Every structure is written in C-alpha cells, then in structure tokens.
Amino acid sequence: NMAFYSGASAMVIDRLRGIDPANPLIELDPARDDVIITAYSLDVDAFGVPTVISYPTGGPFHQYNNRSSTFTDTKILDILTTGGDPLVDSGILLVEVWWGYDEVLDLPWLDPFLPEPVMLHAYSIMPLIAAEPVSP
C-alpha cells in the first residue's frame, strides 16, 4: 500500500521540522533534497539460500525523486547476515534522508573543497514485521 510509504515519509519530514512551525529545525527543499523509504524482506529457502525482496516492487519510494538510494540488495543481505548465517524470515524498513546543508558563513575559500550545498545523507534501519515473508 503506497499510503504506508507516503505516510512514513510525511512523518520523517514532520519530525525534521520540529515542534515550532515558525522556526523549523530542518526544512527539506523539494528541488534538491529527498526522503527514500524502502521495505525489505529476507526469505530463506529450504536449502538455506537467502533472497532479498524490496518493496515497493517498482523501486524505493521517493518523496521528491531527487536522489538515489545508496543501498543494494547485496548490501541489505550483508546487513541481515549475522556470523555468516542469514536472519531467517526477516523484514526491515530503511529510511534515508538526503539534505542539502547551506553554509552559514559562505566562506569563499571553502568552495574548491566543499560543494554548495553540502549534501548530507542519513539513514535508519529498523525491524518491520509487516515485511517478514509469510510461511507456507
């Protein structure tokens, strides 16, 4: 249900703004920033071979469609693997935030080293029971 992804993204944006709408903590710019929401399911077959399935099936949900996820199925499989054994029948939610930080002082000698804005990327991974594979 796409309402889940858009609702999760709206909650992230709301939390970034903070409690005072007149003085937001972080305001995302729809022209450059992004919130990316992806759910992953790890299914392990009878032979112990893990398969990573991502949702939504057409690719990650993008709030503004400005950035790409830095996560691949292989990277997710590495995260869900503990001591070489996959976490059987796992489901996780990945939330990524891309935010362009504008330099406050705008020091010109930093321009060759830091692009304007500086793009910051933060993410959080949490369990999601709804993404766990259904046992036959």
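In the predicted model, Glu27 has a relative accessibility of 40% and is therefore classed as partly exposed. The side chain of Glu27 forms a salt bridge with that of Arg17, with an N to O distance of 3.2 Å. Arg17 belongs to helix H1, whereas Glu27 is placed in the loop between H1 and E1, so the pair ties together parts that are ten residues apart in sequence. Arg17 is likewise assigned to the partly exposed class, because its relative accessibility is 34%, a value that falls between the limits of 20% and 50%.

Four salt bridges are found when the whole structure is searched. Side chains of opposite charge can pair when their charged atoms come close. One of these salt bridges joins the side chains of Asp14 and Arg15, at 3.2 Å from N to O. With a relative accessible area of 40%, Asp14 is partly exposed. Arg15, by contrast, is exposed, because its relative accessible area of 58% lies over the 50% limit. A further salt bridge, with an N to O distance of 3.4 Å, is formed between the side chains of Arg32 and Asp33. Both Arg32 and Asp33 are buried. A network of salt bridges links these two residues with Asp102.

Attention then turned to strand E1 and its pairing. Strand E1 covers residues 34-44. Ten of its eleven residues are buried, so E1 is largely enclosed by the rest of the structure. E1 pairs with E6 in the antiparallel sense, over nine bridges, and within this pairing Thr38 has Leu94 of E6 as its bridge partner. An antiparallel pairing also joins E1 to strand E2, which comprises residues 50-55, through six bridges. Here Val44 is matched with Pro50 of E2. The two strands E1 and E2 form a hairpin in which five residues lie between them, and Gly48 in the turn has a positive phi of about 85°. Strand E3, made up of residues 61-62, is paired with E1 in the antiparallel sense over two bridges; in E3, His62 stands opposite Ile36.

The nonpolar residues were examined next. The largest nonpolar core holds 14 residues, of which Val35, Ile37, Ala39 and Leu93 touch the most other members. At least two residues of this core are supplied by each of helix H1 (2-17), strand E1 (34-44) and strand E6 (90-101). H1 provides the largest share, four residues. Beyond its neighbours within four places in sequence, Leu93 is in contact with Phe4, with Ile37, Thr38 and Ala39, and with Ser124, Ile125, Met126 and Leu128. A second core, separate from this one, consists of nine residues, including Leu42, Val44, Ile92 and Leu94.

Strand E6 also contains Glu96. This residue is buried yet takes part in no salt bridge, and the nearest side chain of opposite charge, that of Lys75, is 7.5 Å away. That distance explains why no salt bridge is assigned between them, because the criterion requires a side-chain nitrogen of Lys or Arg within 4 Å of a carboxyl oxygen of Asp or Glu. The side chain of Glu96 does, however, make a polar contact with the side chain of His121, at 2.9 Å. When neighbours within four places in sequence are set aside, the contacts of Glu96 comprise Asp34, Val35 and Ile36, together with Ser69, Thr70 and Phe71, and also His121, Ala122 and Tyr123.

Val88 is located in the loop between strand E5 (85-86) and E6. With 56% relative accessibility, Val88 counts as exposed. Apart from neighbours within four places in sequence, Val88 is in contact with Leu42 and Val44, two residues that are included in the second core. Val88 and Val12 are separated by 76 residues in sequence, and their C-alpha atoms are 29 Å apart in space.

Terms used:
Residues numbered from 1 in each chain as written. Predicted model: local features only at pLDDT ≥ 70, side-chain atom pairs only at ≥ 80, totals over all residues. Heavy atoms only, no water. Core = buried A, V, L, I, M, F, W, Y, C linked by side-chain atoms within 4.5 Å. Buried < 20%, exposed > 50% of the residue type's maximum accessible area, 1.4 Å probe, protein only. Contact = heavy atoms within 4.5 Å. Pairing = 2+ DSSP bridges. Lys, Arg positive; Asp, Glu negative; His and termini not counted. Polar contact = N/O pair within 3.5 Å; in protein donor to acceptor, adjacent residues only side chain to side chain.
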